[in-house]
Amino acid sequence: MAEARSAVGEPIVPELDEDEASSYLAALKEFRRSTIRRFFRTRNQIKNGMWPTSWWNLGVTVALVSMVIVSDLDIFKCINRRLWAFGEYFYISNTPEYLYVKVVILSLLFGIFFFIIVLYVRRYLLRLLLAYKGWLYEPPAKQSWITLLWGACMRLVTGPSPSTYSCQQSLPRMPVPCLRATIRKFMKSIKPLVSQEEYDQFKKEGMEFEQKVAPKLQNFLHLKSWWSQNYVTDWWEKYVYLMNRSPVHINCNYYGLDNVTWKPTTFQCARAGAITHMIMCFKRILEREHLPAMRIRNTISVCMSQYERAFGTTRVPGEEIDELVQAHSSQSKHIIVLRKGIYYKVDMMDKEGQLLSPKAMEGIMEWIIKDADAHQDSETAKAGEHIASLTGLKRADWAKIRQEHLLEGVNKESLEKVEKAAFMVNLETISPEDIGHRSNYMLGGSGSSFWFDKSISLCFFANARYGFNAEHSWADAPVVAHIQEYCMTEEVLGNLYTEDGHCKDVAGVTQSSYKLPTMLIWEVNNQLSIHIERAMTFVTENNSDLDLRVRIHEDYGKGFMKKSKISPDAYVQVALQLAYYKDAKKFALTYEASMTRLYRMGRTETVRSLTPESCAFVKAMVEDNRSDEEKARLLHEAAKVHVQLYKDAMSGRGVDRHMFALYVLSKGFNQESDFLHHALTMPWTLSTSQTPQQQMSSSPRIDYANRDKVCPGGGFGPVSDQGYGISYMFPEDSMLFFHVSSKKSCPLTDSERMQNNIFGALADMKQLLENVEKNKT
């Protein structure tokens, strides 16, 4: 038999040639890396599942059970006897040589059993403790004995320093607010806006809703809050973001900038190389769960779920609803770099699986610029030059074009590489220095400079300035602001550049060979070319209609506000009410975003900043018929009410998410409500937000004594075509940044005029408080 002869003979095995050997070694290395990744991923899952307990707690529990089993103390005799009785079921001999085997088995079984009990007791106890929000309403220096006792219990129950996602299972679910309280707060918020007749009609509709339709909806919300992770977040993402058919360009996306005037280098490629490297480092930290979980006062856990979708995420358009699609971490090890209409895929790992260093990335960016300049007149450049403008169309329109032209052949391959990229980078040819020009470009671009569906897109200008444009549906601004703060901190403190401005090598790391970027190919037929031309016109017109102004307020900052014993955020919100009244001679429904991440899967809640108290102060200032002392009293009262509303929103006692969830249910149950319809269709004339900062509490912070290094934050487009979008930031104690946007097509708004009114309101309020202080002396 042939197989028998082969079995006893020397096997004939051909030698591997050099290419096959290298491929074999590469496959072995990739298998080793993937095995290591799976191991650490599994380890992190187990660690997160055990928190707030730990392996150490498990060892102690098993040891204690062992002590009980072998102990002869009278206090343990009853338990000891029951444990040994259970051991009889194992059919293990009671001879001395098998005694230790039985002790080990019993110790492990009952040790793990009691450990699981301890785990769930601690987890649910921690969840119960975190549901307490009394600490939020008390200043740290004047806490009640209940809050002090709560803090002591938190320290006893909380486990070791949590990793990125360890706290998720211990966070409480967001409670459903009291229905009557929600309606009462809503009625109070609209009183300054409507006539008495309209107010009475709202009141009538509200009473009818509360008595007839609302009880069933409220009960269902309570049920949902028990079995879902969050009673409103999934609906909020689906109906507010993903089902919205408006373009994401300007309407949904937002932007952020780098430092005001300081920059660590004058070389575009050097800064692009360093920042892309640092963002990939942040991505690796996230994947390994080495990023410390955010905790307020180093005690209160904050939901970190939004960070999971930071990289490799794309909002894929649909005709009726979009979908957030995230590539697996193994598929998003590359980025896409855009230069002069040409897209390049850049693998961020070398052949040894190491992250490319800043210096290597600088070299790649230089190569891309040279290659793109050489091919800028090619068919490839012409085909892809404006293809990104399609992402700025209305969502249903973009979905049809994508389905018809981009899901076959080379277009499908190129699109997949774009959508699976960790993030996108644009190497621009323009050099704006002014923060106003940079802001306008970062929000709207040239029309085709951003793939607006990507979670994060970076833009590096020729003068080495940079910023980001972020899609909003996957997460809120604090997440991207955290990534930006990480990069800026490393730039200032990390010594990334040489004296002449080029990137340094990473100490102790030897970079192996890596792939050169590959150019993406697009096939653009006549029909697709018409769509692209139409999209470019549409996006350019929207950019032209945007009126965005960014200014620095250097007269004073939050230091003076705190000295006046007023919350800085409340102070600015009252100033915005005064400024808008001067601008429009009337009040406006005002939206301020507040986080609800104290709860599991929490996102945001609306603070209705316009209140009867703020209106009373504004009228006193405008009519000038009160004393300075009376005006100051009204200002403090308005600020106090605003702080209360903000804390209510953070603690799940807001108005708008509750009413939104009730509205979704009313549609689902086909129970129309005039009250909900009228309430939720009132336009947000003023949409405001404070840009978050200093989220890196565990690392060194930038010394902002040098004002050039501060970050001006970012902004967004107006929510209402007849209103303003206002973002502000307190970078340090003596200055503020304001980003004000509106539509040029609206005759009622003017961003420059609104900026002047804001600065005037801030000056008037400072003068008022200083006069009151002088009168006291």
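Here is a short conversation about a helix, a core and a loop residue in this predicted model.

Reader: How do you know that the span of helix α3 agrees with its number of residues?

Author: Helix α3 runs over residues 55-70, which makes 16 residues. At 1.5 Å a residue they should span 22 Å, and the end C-alpha atoms are 23 Å apart, so the two agree.

Reader: What makes the buried residues of α3 line one face of the helix?

Author: The buried ones are N57, L58, T61, V62, V65, V68 and I69. Looking down the axis of α3, you find them within an arc of 135°, so they line one face. Turned away from that buried side is a face with the exposed residues W55, W56, M67 and V70. Here is a helpful general point: an α-helix has 3.6 residues a turn, so residues three or four places apart point the same way.

Reader: Which residues have the most contacts inside the largest nonpolar core?

Author: They are F186, F209, I335 and F423, in a core of 133 residues. Helix α10 (residues 268-287) gives the most to this core, namely eleven residues. Beyond its neighbours within four places in sequence, F209 is in contact with several residues, including L179, I183, L662 and F675.

Reader: And why is N251 called partly exposed?

Author: Partly exposed means between 20% and 50% relative accessible area. N251 has 43% relative accessibility, so the name fits. N251 sits in the loop between α9 (233-242) and β1 (254-257), and its side chain reaches the backbone oxygen of P247 at 3.0 Å.

Terms used: Residues numbered from 1 in each chain as written. Predicted model: local features only at pLDDT ≥ 70, side-chain atom pairs only at ≥ 80, totals over all residues. Heavy atoms only, no water. Helix = DSSP H or I, 4+ residues; strand = E, 2+ residues; numbered from the N terminus. Expected span 1.5 Å × (residues − 1). Buried < 20%, exposed > 50% of the residue type's maximum accessible area, 1.4 Å probe, protein only. Arc of directions from axis to C-beta. Core = buried A, V, L, I, M, F, W, Y, C linked by side-chain atoms within 4.5 Å. Contact = heavy atoms within 4.5 Å. Polar contact = N/O pair within 3.5 Å; in protein donor to acceptor, adjacent residues only side chain to side chain.
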